[in-house]
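Let's take a walk through this structure together, starting with the chains as wholes and then turning to the places where their parts meet.

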Amino acid sequence: MAETTEPVSHYQQLYHDAESTLPGAGIDWVAERRRAAMARFAALGFPGARNEEWKYTSLRPIEKRDFALPKRAGHGLGAPDLAPYLFDEPATHRLVFVDGAFDADLSRIGQLPEGVTVQPLSTALEAGMESLAGHLGRYADPEGTPFVALNTALMSDGVFLHVPAGSTLEWPVHLLFVASEAIDGIGVHYRNVFVAGEGARITAIESFLGLGEATYWTNAVTEASAAQGAEIEVYKLQEEAPSAYHLATFEGYQGADSSVTHHNISLDGRLVRNDVNTALDAEGAYVSLNGLYLGDVRQHVDNHTRIEHLQPGCVSRELYKGILDGRSRGVFNGKVVVQPQAQQTDSDQQNRNLLLSRGAEVDPKPELEIFADDVSATHGATVGQLDEDALFFLRSRGLSQHQARNLLIFGFANEIIEAVKIEPIRARLEDRLVQRLPQSETEED
Amino acid sequence: MASSQLEEVLNKGYEPGFYTDIEADAVPPGLNEDIIRMISEKKEEPEFMLEWRLKAYRQWKEMTEPRWANIRHPYIDFQDIVYYSAPKSFSDEDRPESLDEVDPKLLETYEKLGIPLEEQKALAGVAVDAVFDSVSVATTYKEKLAEQGIIFCSFSEAVHECPELVEKYLGTVVPPGDNFFASLNSAVFSDGSFVYVPKGVKCPMELSTYFRINAADTGQFERTLIIADEGAQVSYLEGCTAPARSENQLHAAVVELVAEEGAEIRYSTVQNWYPGDEDGRGGIYNLVTKRGECRGNDSKISWTQVETGSAITMKYPSVVLRGDRSVGEFYSVAVTNNYQQADTGTKMTHLGRDTKSTIISKGVSARYGQNSYRGLVQVGKNAENARNYTQCDSMLMGDTCGAHTFPYIEAKNPTAQLEHEASTAKIGEDQLFYLAQRGINPEDAVSMIVSGFCKEVFQELPMEFAVEAQNLLGVSLEGSVG
C-alpha cells in the first residue's frame, strides 16, 4: 500500500490539531472511531495511479493542495441567496449546511412523527446518540476506502435520519450542502446516515451547491440501511463550483423486500468521483441506480458503482448516461457481483455515452462477476454520437443546427431525468440541463 | 439440476494425455545468458538472433511476473524449467531431411493424435508444421506452396533461409520488451512456424501447426510469425496437446501477424493443452502473447480461438488497426472445467480511419472453473469513424464456478461508435428435460446446448476444425453437469 506521503501527514496533523474540537470529541465511541479511522487512512494513503479503482482518475490535484478544515466563521449567506435552490412544493424538511457546518437559521425542520429522528449529525454526535452508534460506519466501513476512512475521522456535519419500523416520513428531507465564496482552500467532510426500519420510507435530496469561484474539496459519505420492506429514495444533485473537487461515496445495505433508488446527477465541479455501492443482503431486495453525468471544458467525472447480490431472488437495475463535451473526460465503472448463494438474481446494467467533441474522452467499463448459475444478468455499454438522420429530420422541420443538436442531447439525458418522481426537482433539472447545452451557433458540427 | 447426469458428462478423460518415450537432447534446467547462447548455438543461428535474444533476456530480468489477472497460482520458478528439449534424432549432424527419415515414434505420436504427416494420407488442402517440444519435426506441402512463392516452414529454417524477412518483421508487432512472458519467449524461443505469403497471392490451402509438449519439466516457447504481403490471403490453424502430468508446465508463446495493404489473415486456434486432473493437479500454464497488426489500408485480421485445455490461461489475441478501413475480429470460446482458470479476451486498438472491430466471446464454466473475459477497445484521437461491437456471453454450470467480465473501453474520438453487451445463461432443467423426452441422453443434450451457445464462434472456424472443436467441447465438459 501507500507509503506515508506528505499529504497523509498533513491530514494526520489536521486531525491531531482538531481532535478535541470535532463534534462528539467528548463521547468515547465517537472519539475511538475517529482515531481508528485516521489510523486506517494513514495506512491506506491516497490511491495511486496503479490502483485499478483509480486507473482513469488522478487525485494529484487534491493531494497537492493541503486542504484545511472548515473555520467557524460567518459565511454571510442569507435566505435570499438560497431561494433559487429550494423546493417549497412539495413541503420538505430542510437542513442547510454552509462550509461544513449546520446552519439552523437557514434550515426548517417540520413536524416529525413520533420516534422519527431528523438531526444534524453534529448534534447527534455531541449527544452520543445510541441509535446512531449502531449504524454509523456499519455500512460505509472505514476499513474500506481511504476517503471513507478520512471522512470518518474528520466528519464535521451532515444528517442523521432515522425512521423506525412502520413510520413514514411524509415529506422529503432536503439536505443542502452549500459552499460559499469563503470556502477557498477548505476540505469539508459531510457524513449522512439514513436508517429506515421495517416498512419505513425515506426520501432524501442531497444538493451540493457551490456559490462562488472558490477551490475546495467536498468529501461526502452517505450510508443508508433499508430494513425489511423499507424504501429509500435518494436524489443526489451535484452542482459544485467550477474549480471544486468532489468525492462522494454512497453505501447502501438492504434487507428483505427492501427497495433503494439512487439518482446521481452530476453537473458541475472540476474533478468529480462518485462511488455508489449497495449490498442486497436478503431475498427480494430491489435496487435501482440512475445516473447522469455532464462534462464540459476540462471537467473530469468518474462514476464507480458496485451492486453486490448476496442473497437469492434480488433484482438490480442500473442506467448511467454521460454527455461529454469540450475537453472533458468521463469514466464509468459499474460492477455487479453475484455471489454463489444469490440464485435467481435478475440484474441489468446499462451505460450510454454521448461523445460530443474532439477533445473529450470517455472510458466506460461495465463489469460482471458471477458465481451462481441460475441467474439472469446482462450489461451493456455504448459510446456514440448524435444520430445524423435525426439531426437531418429536425433540420428539415426548420430547426437550426444547434437547436436540433440541443434537442437531441436533451432527449438523451431526459431518460434519466424522467425517472425523477418529485416534480419540482425534475423541472429544475430540465432547466439546468437546458442552461448547460451549447448556446451559440458557433459550435462545431 | 440433475446432478448425477451432469457429473457423468463431465468425467471423460483427456485423450491426448499419453507420453512418447523418445530420447531427448535437452539443455540443463535454469535460465541465464549461457543457456541462451546454447540454444542459439544448437539452432546455428546468425549473430543478429543471438543479440536479439540477449537483449530480450536483459529486459526480462528487470521485469516481475504479472499478477493482475483474475487467476490464482503459485509463482513460477523460472530456474526450474528446461528451456530446450528436442528429440535426439534432431540434434545429430544427420538430422532427417525428409519425412522418411523421421523417427517413426514421432510419426506415430502425431498419428495417434489424429494428425497424419504423410501427405498422401493428410487431409487434402491442409499443410501441417508439426512442432514437438522445442523443434519442428515436419512440414508438409512445402514444395507445393513454394511454387506460388509462399514460405511455410519452421522458424528455425526461416532464420536460415530468409533471414532478411525474419529480421525485418520479428518483434515489430510484439517487441521483445512488450511484457514479462513475451520477453521470456523472445530470449528462449525454440521453434514455431513462419509464414510469408507474397503480394497478391491467395494461399491455396489451410496452413496449420500442431504443437506437442512431450518431455517433462520443459517449457514450450514457440514463436510464430505470419506475414501477408499486399493483397495476400492466408488462413492458419494451430492445435496443441500435452501428456497428462501431475506437475505444471509452462507454455509461453508469442504469435505475431502482419497484414500489409489489402491483406487478410485468419488465425484459428484449438487449444487443448493438458488441463490438469479433476482435483486441479498438473496441467499447462498457458501464458501467451498474440497480436496482429493491420499495417496496411483495407487489411483484415481475424482471430478465432477455442480454449478448452490448460490449467491456467492468460491470453489476449489482439489487433492493432493501423491501416485505414482495416478490420479486426475476435471470436472465442473458452471452457473452464474442474479447477481450470482462464483470463482471456482481446484488445482492439483503433488508430486508422474507418476501422471496424467485432468481438464475440463465449465463456463456459463448470465445477470449480473460473472464466474471465478481459477486453480493451481503444479508440485513438485520430481514429475517425471507428466501430466496435462486442458481445460476451457466459454460461455457468453449478454454483461453485465463476464467470467474470472486465471490458475496458477507452474512446478518445467523438465519431466512435462502440457497443458492448454481455449476458449470462445456464442450462435449464427444462431444456434437458425436453431433450431427454426426445430420447437424447444427458451427455449429448449438454453438448448440444453448449454447441448451440457457441455456434457463432464455431461457424468462424475452418470446416475441419469446427468438427474437432465441437467434439473437444463435448469431451472437455464431460462430467461438468452438476
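## Two chains and how they meet

A compact globule of 445 residues would have a radius of gyration near 22 Å, and chain A, with 21 Å, agrees with that. Please keep in mind that this is a predicted model. The C-alpha trace of chain A spans about 70 × 55 × 50 Å along its principal axes. Its secondary structure comes to ten helices and 20 strands. Of the 445 residues in chain A, 53% are buried. Among the contacts in chain A with a separation of 6 or more, 83% are between residues 24 or more positions apart.

Now look at chain B, which holds eleven helices and 23 strands. The globule rule gives 23 Å for its 482 residues, and the radius of gyration of chain B is close to that at 22 Å, so chain B is as compact as a globular protein of that length. The principal axes of its C-alpha trace give spans of about 65 × 55 × 45 Å. In chain B, 58% of the 482 residues count as buried. For contacts in chain B with a separation of 6 or more, residues 24 or more positions apart account for 83%.

Let's go inside chain A next. The domain assignment of chain A gives domain 1, residues 6-282, and domain 2, residues 387-445. Their C-alpha centres lie 32 Å apart. Where the two domains touch, nine residues of domain 1 of chain A are in contact with eight residues of domain 2 of chain A. On the domain 1 side, the residues divide into seven nonpolar, one polar and one charged.

Helix H7 of chain A, residues 146-154, is a good place to pause. Why is this helix described as largely enclosed by the rest of the structure? Nine of its nine residues are buried, so H7(A) is largely enclosed. To follow the helix in your viewer, step through A:Pro146, A:Phe147, A:Val148, A:Ala149, A:Leu150, A:Asn151, A:Thr152, A:Ala153 and A:Leu154, which are its buried residues. The cover over these residues includes helices H1 (6-18) and H2 (28-44) of chain A. Strands S7 (190-196), S9 (217-226) and S11 (245-254) of chain A are also included in that cover.

With both chains in view, turn to the place where they touch. Here 29 residues of chain B are in contact with 31 residues of chain A. On the chain B side, the elements that give two or more residues are strand S21 (387-397), strand S22 (402-411) and strand S23 (417-426). The largest share of that side, ten residues, comes from S22(B). By character, the chain B side divides into twelve nonpolar, eleven polar and six charged residues.

S22(B) also takes part in strand pairing across the two chains. Strand S19 of chain A, residues 361-370, pairs with S22(B) in the antiparallel sense over four bridges. To find one such link, start at A:Ile370, whose bridge partner in S22(B) is B:Ala403.

Finally, let's visit a single residue, B:Tyr373, in strand S20 (residues 370-379) of chain B. Is B:Tyr373 buried or exposed? B:Tyr373 counts as buried because it has 28 C-beta neighbours inside 10 Å. Leaving out residues up to four places away in sequence, B:Tyr373 touches B:Gly345, B:Ser361, B:Gly363, B:Cys392, B:Thr405, B:Phe406 and B:Pro407. By contrast, B:Lys168 is 205 residues apart from B:Tyr373 along the chain, and their C-alpha atoms are separated by 34 Å.

Notes: Residues are numbered from 1 along each chain as its sequence is written. Chains are lettered from A and ligands numbered from 1 in the order in which they are written. This is a predicted model: local features need pLDDT of at least 70, side-chain atom pairs count only at pLDDT 80 or more; totals for chains, interfaces and linings use all residues. Two residues are in contact if their C-beta atoms, placed from the backbone, lie within 7 Å. Ala, Val, Leu, Ile, Met, Phe, Trp, Tyr, Cys and Pro count as nonpolar, Asp, Glu, Lys and Arg as charged, and the others, Gly among them, as polar. Two strands pair if DSSP finds at least two bridges between them. A residue is buried if 20 or more other C-beta atoms lie within 10 Å of its own, exposed if 12 or fewer, and partly exposed in between; C-beta atoms are placed from the backbone. Domain bounds come from an automatic or database domain assignment. The radius of gyration is taken over C-alpha atoms; the globule rule is 2.2 Å times the number of residues to the power 0.38.
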